[in-house]
Amino acid sequence: MFALTFLTPNPRLPSPLFVAKSFPESALSRRSIAFSSSNSYHWRPKLRFNGFKLKSATAPENVEGGDSESGSLVKGLKLGGMFGVWYLLNIYYNIFNKQVLRVYPYPATVTAFQLGCGTLMIAIMWLLKLHPRPKFAPSQFTVIVQLAAAHTLGNLLTNVSLGRVNVSFTHTIKAMEPFFTVLLSVLLLGEWPSLWTVCSLLPIVAGVSLASFTEASFNWIGFCSAMASNVTNQSRNVLSKKFMVGKEAMDNINLFSVITIISFMLLVPVAILIDGFKLTPSQLQIATSQGLSVKEFCIMSLLAGVCLHSYQQVSYMILEMVSPVTHSVGNCVKRVVVITSSIIFFKTPVSPLNSIGTATALAGVYLYSRAKRVKVKQNPKTS
């Protein structure tokens, strides 16, 4: 019987290598005998397809599907668990972060501290060899710095918004992300959206507008900061997509890690310039005079930084396992969970019109995800 078998590929080779055993003598046809009669040429059973070497080997007659089914079940359970961790970390990050920003109104310092926590976690990850260290060419550094600058502004502006308005309102505004994704994809990548995608953006814009007009904690600084964070975050995502097309592109976990470290280094001097050095004992005493002890403040600040980096890291890990469309749907569900949990925890007053606006915007985000799925099915080569 003729079959193909895989050998463990050399990681330095661009493609896997198939190696084969010789055919049994009984399996040779008359053609092989005819070839062997010539002294100038000896026929060998070697085939090539697209640079892959193929040779023969025996394979079992029956292949049972039990292992495949159990493997799919394990993968599904693992993926479901990761989605649960992603949502849970996001909920706790928003709760801890809001409590810190309530008593410590220095978003630049808070963001720098959180990025510092992420930098420390990345260093531990690389030192313990939990993930291979990145390797990138000097020519890639300019693009990475641009991504880091967008990442820095996105996190900083989000914290500015969270410090000014309710968590639920900030995340309702951030439901506008698909709108800016489409806009920036057209401007930077030349990718025009389908009609269904454009139609899905209408309820998003309408819902966010209605929620903004009826929001009790509405503040122009909070609103504009959240809207600006949409622009910077989606600029980062679009540029990441453009950057990761290259042959020497890093995997997304290392790309996120390098961006985080550079963002930390960029933001520290900016935070000192904007806020001054606000981590002195006297400043902490002033901050904690509004209901938190120094110990509680420090613990919540640390937990917020750990949760921020962890949920973003898990998000990138999920993105490696699923399609971008599935990840987008999961992100939509995550936003619903975060808004609902923040309303319950902080006992945020919500009017009926505000609820309708928020629900309309989130429904639009879901329709956008469905529209992207339709586009992927119609164009499987681009999925």
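**Internal cavity, surface patch and salt bridges**

About 30 Å³ of space lies in the largest cavity of this predicted model. A search for cavities of 30 Å³ or more finds one in the structure. The elements that contribute two or more residues to the lining of the largest cavity are α3 (107-127), α9 (252-275) and α11 (294-321). The lining comprises Gln114, Leu115, Gly118, His151, Phe256, Thr260, Leu308, His309 and Gln312. By residue class, this lining divides into three nonpolar and six polar residues, with no charged residue. The nonpolar members are Leu115, Phe256 and Leu308, while the polar members include the two histidines, His151 and His309.

The surface was examined for nonpolar patches. One such patch is formed by Leu120, Ile124, Leu128 and Leu130. Together, these four residues present about 430 Å² of accessible area. Leu120 is placed in helix α3, an element that also supplies residues to the lining of the largest cavity. Leu120 counts as exposed because its relative accessibility is 55%, and the cut-off for exposed residues is over 50%.

Salt bridges were sought across the whole structure, and two were found. In one of them, the side chain of Lys174 meets that of Glu177, with an N to O distance of 3.8 Å. Lys174 has a relative accessibility of 7% and therefore counts as buried. Glu177, at 12% relative accessibility, likewise counts as buried, since the term applies under 20%.

The other salt bridge joins the side chains of Arg335 and Glu177, at 3.3 Å from N to O. This pair links distant parts of the chain, its two residues being 158 residues apart. Arg335 belongs to helix α12 (residues 324-346), whereas Glu177 belongs to helix α6 (residues 177-189). Both Arg335 and Glu177 are buried.

Glu177 thus takes part in a salt bridge with Lys174 and in another with Arg335. Lys174, Glu177 and Arg335 are accordingly linked in a network of salt bridges. Within this network, Lys174 is buried at 7% relative accessibility, and Arg335 and Glu177 are buried too.

Methods. Residues are numbered from 1 along each chain as its sequence is written. This is a predicted model: local features need pLDDT of at least 70, side-chain atom pairs count only at pLDDT 80 or more; totals for chains, interfaces and linings use all residues. Side-chain values use heavy atoms; hydrogens and water are left out. On a 1 Å grid over the protein atoms alone, a cavity is a set of points where a 1.4 Å probe fits but cannot get out, and a pocket is an open set with protein on both sides within 12 Å along at least five of seven lines; lining residues have an atom within 4 Å of a point. Grid points are joined across faces, edges and corners, and a volume is the space filled by probe spheres set on the points. Helices (H or I, at least four residues) and strands (E, at least two) are DSSP runs, numbered from the N terminus. Patches are made of residues with over 30% relative accessible area and no salt bridge: like charges are joined within 9 Å, nonpolar side chains (Val, Leu, Ile, Met, Phe, Trp, Tyr) within 5 Å. Accessible areas come from the Shrake-Rupley method with a 1.4 Å probe; for residues, only the protein chains shown count as cover. Buried means under 20% relative accessible area, exposed over 50%, partly exposed in between (1.4 Å probe, protein chains only).
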